[in-house]
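Biologist: I would like to go through this model and ask what the terms used for it rest on. Please show it first.

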Amino acid sequence: MYDFAYHRPKSLADALALLKGKPEGRVMSGGMTLIPTLKQRLAKPSDVVDLAGVKELAGIKVEGNNVVIGGMTRHADVATSADVKGAIPALAYLAGHIGDPQVRNRGTIGGSIANNDPAADYPAAVVALNATVTTNTGKHAADSFFKGLFETALGEGELVTSVSFPKAEKAAYMKFPNPASRYAMVGVFVAKTAGGVRVAVTGAGPSVFRVKAMEDALAKNFSSAAIKDIKIPADGLNSDIHGSAEYRAHLVGVMARRAVDAANK
Amino acid sequence: MTISVAMTVNGKSVSGKVEARTLLVQFLREHLGMTGTHVGCDTSQCGACVVHVDGKSVKSCTMLAVQAEGSKVITIEGLAESADKLHPMQESFRENHALQCGFCTPGMVMSAIDMVKRHNYQLDEATVRRELEGNLCRCTGYHNIVKAILAAAPAMKSAGV
Amino acid sequence: MTAATGIGARVLRTEDKRFLTGTGRYVDDLPLARATHAYFLRSPHAHAKIKSIDTAAAKKMPGVVEIFTGKDTADAKVGGLICGWVVKGKDGQPHKSPPHPVMALDTVRYVGDTVAMVVANTADEAKDAAEAIKVDYDVKSANIDLARALDKGIPEVHPEAPGNLIYDWEIGVKADIDAAFAKAAHVTKLDLVNNRLIPNAMEPRAAAADYDKGTGNYTLWSTSQNPHVLRLILSAFVLGIPEHKLRVIAPDVGGGFGSKIFCYNEETMVTWAASRVGRPIKWTAERSESFMTDAHGRDHVTHAGLALDKDGKFLALRVDTIANMGAYLSTFSTAVPTYLYATLLAGQYTTPLIYANVRAALTHTAPVDAYRGAGRPEATFVIESLVSKAAAEMKIDAAELRRKNFIPSTAFPYQTPVALQYDSGNYPPIIDEAMKIADYKGFEARRAEAKSRGKLRGIGFSSYIEACGLGPSRVIGQLGGGVGQWESAQIKFNPTGNVQILTGAHSHGQSHETTFAQIVSDKLGVPIEAIEVVHGDTATTPFGMGSYGSRSLAVGGSAIMKAADKIIAKGKKIAAHLMEASVADVVFEQGTFKVAGTDKAVPLGAAVFAAYVPHNYPLEELEPGMDENAFYDPSNFVYPAGTQICEVEIDPDTGTVEVVAHTAVDDFGNIINPMIVDGQVHGGIVQGVGQALMENAVYDKATGQLVSGSYMDYTMPRADNVPSFKLGNKVTPCPHNPLGVKGCGEAGAIAAPAAVMNAVHNALAPLGVKHVEMPATPLNVWQSIQGAQPAAAE
Ligand SMILES: Cc1cc2nc3c(=O)[nH]c(=O)nc-3n(C[C@H](O)[C@H](O)[C@H](O)COP(=O)(O)OP(=O)(O)OC[C@H]3O[C@@H](n4cnc5c(N)ncnc54)[C@H](O)[C@@H]3O)c2cc1C
Ligand code: FES
Ligand code: FES
């Protein structure tokens, strides 16, 4: 790891001020992605601004029809939150299946979605539930937040402050983990909300994506039978030693059907 | 960048000057000479380095020393009440032959204690196996580790730890 | 008093307390004053010429003490690393032996090959400086694909081995085999890959060295399974430091599984450089370096055939294997696919004719050498896969076909057609017991129940034989081995009656500190708390060959028995003197010397005290002191055997294989500590399950990059990948060692891959799947199912 200057602001305003004028500065939430990256010397930030002391960023609130999760909220807290379990159990389930207990004790939702790893779990929930990502400068709709491989709509100096998830009538997440890393090789989040049905897939492509054909079929008939004949094209999907594009395409179908069944339970 | 850090490790106040990039595990091993916490990988996956920070199990290889500023850290060295009285989890590992080379052991024990507490002293085999996702052992085949943790849960409860 | 701690007792381990309280001492834990830290710059290319190395800028970086390259070691005439086992090919010539410099000279030959060593005040500074070294490479095309490594036109790894061939070796008579196959009623053929594995002991390799200018003595702390052998190699072949001037200490070592047997360049370099730098040097591998540079295991491509008569009797076995050696020959690499592999091909069976042809090939990949089981898992996988396949083809029950061909218990000692003479064994009761424990009878009901849940359930057998406890030195010598294979022990009583056992074996998880103490406790009647086992330091322990090949107890334990006998013999003389009796009348029972038929008695402790305070002592005939040394060279290998039965459930939609039950019944001869033996079996099984279902070292075939170079891509078995195991045991004591013991360290890993894969094939048979290659990952299984479906539909 290269050395850097370390800061631990107590407020969002201080954090933003610290980042100002430091193009090579990076924020750190849980550090579960940033620190491994630094250890591999894949990044050389001048400054690391640790958000752990920014109390206003952590915590879970239910606001009307939405569950609002602060950017610094740890995966373990989402997984065990009574509010989340009550409103969107599938989201708690998802958080409880990110990494291992020690990763969940540190990693945060803000860090996860800002990083937008193609194999990360949260992006599937954000897109399927049509959540809104709030930052210090404004709001992003889920569909326009995730731009591509490790790419988001976040601008220079823009931080995720919270994510607001609308409650779901029915929802479930099915993850087929990569056998080695246990990240999502294919993860499918299916949700039926007031806004309609959404099917979001992570792990399979360069970034999270929706499966329109499945959404349409499920809107008419929310059952796994309704999507059993829908084939996902393998073109453009990820391929590695653990899964070919064809295999991932196949798994999207399997996981989607299982998610629908789980959502219907 | 050199920074001063201060924290409590196993009940004792400690402090030191570290680089910003110094990991908590390096601080423990190299600055404090507490080599019970091990390093088994460079991708945050093996769990040999697990310690408790403010009551939660974390990978000390994936946390900067400065992030533990002001925290209460417990390591494997801080578990036993005395030289003769091991923590029930340590005792159970011994009783059940849950260690061979001993390298994964400190991390396993720290993860196991955290797991038992989070599950309110009630665990079944499948849960223990799933909860050990972040801890690799190459020697024991996990069989006896699982057994040891299941046996330790009630022992911890009755010992009130 | 000793019953609870003697032979056969479940004694809790002596070593546990330090490991459980964080006070174990592994190499990286050493506090060395003024230590510097080494970092090795490694080749990013599989095959390249080094045009130039420029260290000027790096040398100016903060904290840098010294930088060494291959040129420095060549100028200083540092020797190359050696391969200690000469294998003679069909042509009678010794294997090709290309040079293995400690650092690359003008060519790099695998990703990870060592290019430079940076020594700096801290590990981070060393790494910072390594990045500033400029190496100009001329990248060449690489030879990565083992199956094609011996083909014409493939890039050569070393000019000393034309066509990449290290040896072309055979055992058995080919013509006889061909005739037997020609007239067989049934022939089962199998092409398979024995997947390449990365050992992954949880403690990465580490080395630290110090040089004492005043005495000229070197000390090397190394994560070694055999410190004496390491010292011997470094002294005699590589560094030329006289043996008595080099002390090698292997303190607590966090697992080895073979990978820490070998002499590596990093430990060589830190030792060599310590005198040049004038300060201690420490090096600890990062896990990614372990992936790249620890000697890998297995990696065979094999074509095999089994000929049977119409009743299923085995007539002949034919095996053709290409074994990967990697880019350089590691310490014991040549022996693994020959003497530790092909000689095991009889398995538990009476197969009268066996022929094996093994060609060892170089590739631009990390060196390959012994990994848990070393050759024997590969042999077992070939045999047991063939047998189960033959059973399926001939529609004979898999257990029945095995039983039909087992060597009968009355046939021991049994001479196999592939050189080994099995000393003892009784195989049918083992498989019976395993089938009982596994509830074989209930399998079809379980299969049907699984089917109702949409799962494919399968069952698989693996009946293995193992030759271990290396080994008679004379035989090893005849086969080309470069070292003796005895073991040593010293039992040293202190005047106050407590005991130190000094052993040349090394414990890195095997529990010697407990097992060896149990032997002495049992034999001499000393309480186990009064016994200390000392190992791992060439300065304090007698020369020994170290621990690998399940040899510690069978050979090292036998040496301890011999030393204990000497203690008793001497004690008898002292006691006879003290009791004024004739030595012939003195007996030793439960720690006390007695004269039969009288109430005269001298406890061992009193005899020991007399030996150290020899006031009333037969000094004319007997030396004072109670300190006995023994060396034990076995008369044969030992032959553990057993059967494993695995049950899997496969999710046909995803290809996921779950091991739902796994039974192992073993014959390890007499057992000193059943708890420890079971633990060895558990660990071995999981390494075998790992090979069968998860682990795979994958190099990119074009670039030679190690694709599975971290836990992100190399699938390690985790707790939720395996069930709890069901174990049983049967005992036929080893007839030729004093403890009657065999070895238990490798059995689990030897038998498991075939048991698991046979279960996978059994589960998939209804879908028409003929063959799934290891590892049976979800992708691999799913693709096999896809490939088979048209056939099944026919
Ligand atoms: C062993 C292991 C296993 C894992 N398994 C999984 C898994 O199965 N599924 C999964 O989804 N993830 C997994 N992860 C990743 C984990 O969930 C991370 O916690 C997460 O991806 C990043 O969150 P963080 O809080 O740790 O972010 P950090 O590491 O602190 O930051 C990550 C990146 O986001 C930036 N960033 C952080 N916070 C913000 C913010 N509020 N606004 C804008 N930018 C920000 C940082 O600058 C950095 O670039 C795993 C990680 C590890 C180490
Ligand atoms: S050292 Fe492997 S997870 Fe920390
Ligand atoms: S006991 Fe050796 S790695 Fe777990």
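Modeller: What follows covers a ligand site and a sheet in a predicted model.

Biologist: What makes the pair between ligand 1 and the side chain of A:Asp121 a polar contact?

Modeller: A nitrogen atom of ligand 1 is 2.7 Å from an N or O atom in that side chain. The cut-off for a pair of N or O atoms is 3.5 Å, so the pair counts as a polar contact.

Biologist: Why does the pair with A:Arg182 count as a polar contact?

Modeller: There a backbone N or O atom lies 3.2 Å from an oxygen atom of ligand 1. That value is within 3.5 Å, so this pair counts too.

Biologist: How much of ligand 1 does the protein bury?

Modeller: The protein buries 95% of the 960 Å² that ligand 1 exposes when taken alone. Ligand 1 lies between chains A and B.

Biologist: How many residues of each class does the shell around ligand 1 have?

Modeller: The shell has 13 nonpolar, 12 polar and five charged residues. Asp counts as charged, so A:Asp121, one of the residues that come nearest, belongs to that class.

Biologist: Why are strands E1 and E5 of chain C called paired?

Modeller: At least two bridges are needed, and these strands have six, so they pair; the sense is antiparallel. C:His37 stands opposite C:Ala120 in E5.

Biologist: What makes E3 and E11 of chain C edge strands?

Modeller: Each pairs on one side only. They end the order E3-E5-E1-E12-E9-E10-E11 of an open sheet with mixed pairing.

Methods: Residues numbered from 1 in each chain as written. Chains lettered and ligands numbered in written order. Predicted model: local features only at pLDDT ≥ 70, side-chain atom pairs only at ≥ 80, totals over all residues. Heavy atoms only, no water. Near = heavy atom within 4 Å. Polar contact = N/O pair within 3.5 Å; in protein donor to acceptor, adjacent residues only side chain to side chain. Areas by Shrake-Rupley, 256 points an atom, 1.4 Å probe, with all protein chains shown as cover. Helix = DSSP H or I, 4+ residues; strand = E, 2+ residues; numbered from the N terminus.
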